[in-house]
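These are my notebook entries on a structure I went through element by element. I began with a loop, then turned to helix packing and aromatic rings, and ended with the overall figures.

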Amino acid sequence: MADGTPALAAQRREKPNSNWARQASSNTNLQHQVVNITENLGAARRINWLGNRSSAVGGGAKRGFDIVASATAILLLLPLCCLIAIAIKAWDGGPILYRHRRIGLNGTAFDCLKFRTMVANADQVLVRHLAADSVATREWQEDHKLKCDPRITLLGVSMRKTSIDELPQLFNILKGDMSFVGPRPIVTAEVPKYGDCIDHYLRARPGLTGPWQISGRNDVDYATRVALDRRYIEEWSFLRDLVIILKTVRVVATARGCY
């Protein structure tokens with residue numbers, strides 16, 4: 001009896017520990033299942049996001065033109081780019097380039113390059129401005145643009161008027177992230193606004209210029225912008241790309257719809 005009591009007590013002590021261990025093991029398994037389900041859902045979202053991967057609109061001919069034209073433009077405009085870089089650095093000592101994550105061909109994200117036209121703490125300035133101005137908030141929600149943008153520096157205003165802030169995108173074109181002509185590059189938050197037309201957008205590389213730029217730019221409402229992109233994809237031709245490039249020169253010279 002005396003010999004059996006310690007053994008029984010030991011069993012009683014072990015039993016709760018055993019139950020705890022089984023419960024912990026069960027919880028661990030459940031956590032693994034949740035993680036696996038989450039990962040599978042994430043994979044499914046990525047598959048749905050990318051859709052059926054396809055070659056870009058225009059194929060090899062369009063890509064070949066982009067490579068030759070962007071490389072030539074970079075060489076010719078390199079002195080101007082160096083002067084702009086010096087001016088930006090001298091203005092406030094901040095970064096020369098601004099990188100913004102955009103959605104490209106087949107849903108692939110890339111860093112769209114621009115010369116910085118905004119103050120260094122632009123994100124914080126935007127948050128404060130939208131919090132204090134309900135009209136600006138609605139404008140931002142509708143177009144992701146502000147006509148009176150407090151983030152833009154005086155130097156930046158002149159660069160935007162002439163569109164020279166977009167010259168670094170020549171490197172995006174050379175790399176293959178963008179094309180000379182294509183849909184306007186959008187951010188993830190804009191995807192829902194495209195609706196079913198997002199499938200058209202994802203079939204092309206975003207453009208340095210495109211139908212939106214020669215049709216009023218920021219003066220065009222968002223629905224029209226989406227319709228222009230869709231029509232461009234459906235009716236693409238190399239000749240039309242050349243026409244858009246020529247018209248872009250006139251639009252840039254007049255600064256129409258630019259802010």
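Entry 1, the loop positions. I started with N106, which I found in the loop between β1 (97–103) and β2 (109–115). I kept in mind throughout that this is a predicted model. The phi of N106 is near 60 degrees, a positive value in a residue that is not glycine. I noted this because most residues other than glycine have a negative phi. I then asked whether N106 is buried or exposed. Its relative accessibility is 6%, and since buried means under 20%, N106 counts as buried.

I looked up S163 next, whose place is in the loop between α5 and α6 (169–175). S163 is again a residue other than glycine with a positive phi, here near 65 degrees, and with a relative accessible area of 12% S163 is buried.

Entry 2, the packing of helix α2. As S163 had brought me to α5, I checked how helix α2 (residues 59–92) meets helix α5 (residues 154–162), and found that their axes come within 10 Å and cross at roughly 155 degrees. Angles over 145 degrees count as roughly antiparallel, and α2 and α5 are therefore roughly antiparallel to each other. On the α2 side I listed I84, A87, I88 and W91, which meet L154, L155 and M159 in α5.

I then asked at what angle α2 packs with helix α10 (residues 238–254). The angle is about 30 degrees, and the axes of α2 and α10 are 11 Å apart, which makes α2 roughly parallel to α10. I recorded A61, K62 and F65 of α2 as making this contact with F238, D241, L242 and I245 of α10.

Two of these residues came up again when I turned to the rings, where F65 and F238 are linked with F180 into a cluster by ring pairs.

Entry 3, aromatic pairs and charges over rings. My count of aromatic pairs came to four. Y194 and Y222 form one that is edge-to-face, with 6.1 Å from centre to centre and 90 degrees between the planes. I wanted to know which parts this pair ties together. Y194 lies in helix α7 (residues 191–194) and Y222 in helix α9 (residues 222–234), so the pair joins parts that are 28 residues apart in sequence. I checked the accessibility of both partners: Y194, at 3% relative accessibility, counts as buried, and Y222, at 7%, counts as buried too.

The ring of Y222 also has the charged end of K193 over it, 4.9 Å from the ring centre. I found a further case at W212, where the charged end of R184 sits over the ring, 5.3 Å from its centre.

Entry 4, the protein as a whole. I closed with the totals, beginning with the secondary structure, which comes to 10 helices and four strands. From the N terminus on, I wrote the order of the elements as α-α-β-β-α-α-α-α-β-α-α-β-α-α. Of the 259 residues in the protein, 38% are buried. The protein exposes about 15100 Å², and carbon and sulfur atoms supply 61% of that area. Lastly, I looked at contacts between residues at least 6 apart in sequence, and noted that 73% of them join residues at least 24 apart.

Conventions: Residues numbered from 1 in each chain as written. Predicted model: local features only at pLDDT ≥ 70, side-chain atom pairs only at ≥ 80, totals over all residues. Heavy atoms only, no water. Phe/Tyr/Trp six-rings, centres within 6.5 Å; stacked < 30°, edge-to-face > 60°. Buried < 20%, exposed > 50% of the residue type's maximum accessible area, 1.4 Å probe, protein only. Lys NZ or Arg CZ within 6 Å of the ring centre and 35° of its normal. Contact = heavy atoms within 4.5 Å. Areas by Shrake-Rupley, 256 points an atom, 1.4 Å probe, with all protein chains shown as cover. Axes fitted to C-alpha atoms, helices over the stretch in contact; angles between N-to-C directions. Parallel < 35°, antiparallel > 145°, perpendicular 65-115°, else oblique.
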